[in-house]
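Me: I would be grateful for a close look at one part of this structure. Please concentrate on a single charged residue and its surroundings, and keep the account connected.

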Amino acid sequence: MRKNLYFIIILCSLTSCYTYQVKKPADPAANDKQDSKKNAAMANNTANPMKNAAAESQNPQPMPAPVNIQEKLAAGKNVKIDVDGRSYKVIVDKWESDSLVAHPVHNPKKILKFHKNQINGERIAEKRFSQPIADIITVVAYAAIGVGIYLLVR
């Protein structure tokens, strides 16, 4: 039984609370839709609903802004990028005109260079703290401690 307890402790210590997550830009279209729904609801009380529908259809939806890769990949960031179908976990060193200079996370001596056109801007994931994973690890650790105390008392 002690082997199992040690195994659980080792697994919890090796689990990381940090994950690579794609940062989703704020969607201004969603805010505009909510505002237009509120305005339409207020206008429905006083005006013809057909006129409101025609007015909403005339408002063009804004196109999402293109992704600026150089802003997303600032120096010192720990990111996961897709380059020509391959995934790399790198730490950004600098930009040399249109080329990204970076090194792999666990190998600072190796230098990688990628042209900005090779990098998939939609799949850039930053390393961030994940609260749900931290909560799961905490619950598992408390359960393991509780089981350990129960087995010692028994």
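Reply: In this predicted model, Asp 82 has a relative accessible area of 13% and is therefore buried, the limit being under 20%. Its side chain forms a salt bridge with Arg 123, with 3.4 Å between the closest N and O atoms. The two partners come from distant parts of the chain, 41 residues apart: Asp 82 belongs to strand β2, and Arg 123 to the loop between β5 and β6. Unlike the buried Asp 82, Arg 123 is partly exposed, at a relative accessible area of 49%.

The strand that carries Asp 82 is part of an open sheet of six strands, ordered β1-β6-β2-β3-β4-β5 with antiparallel pairing. The edges are held by β1 (18-22) and β5 (112-115); each has a single partner strand, so one of its sides has no neighbour in the sheet. On average, neighbouring strands are turned by 45° against each other, direction ignored. Strand β2 (residues 78-83) pairs with β3 (residues 86-96) over six bridges in the antiparallel sense, and Lys 80 stands opposite Lys 89 in β3.

The structure holds six salt bridges. In another of them, Glu 126 meets Lys 77 at 3.6 Å, N to O. Glu 126 lies in strand β6 (residues 125-129) and Lys 77 in the loop between α4 (69-72) and β2, so this pair ties together parts 49 residues apart in sequence. Glu 126 is buried at 17% relative accessible area, whereas Lys 77 is partly exposed at 26%. Glu 126 also forms a salt bridge with Arg 128, the closest N and O atoms being 3.9 Å apart. Through shared partners, Lys 77, Glu 126 and Arg 128 are joined into one network.

Technical notes. Residues numbered from 1 in each chain as written. Predicted model: local features only at pLDDT ≥ 70, side-chain atom pairs only at ≥ 80, totals over all residues. Heavy atoms only, no water. Pairing = 2+ DSSP bridges. Helix = DSSP H or I, 4+ residues; strand = E, 2+ residues; numbered from the N terminus. Axes fitted to C-alpha atoms, helices over the stretch in contact; angles between N-to-C directions. Salt bridge = Lys/Arg side-chain N within 4 Å of Asp/Glu carboxyl O. Buried < 20%, exposed > 50% of the residue type's maximum accessible area, 1.4 Å probe, protein only.
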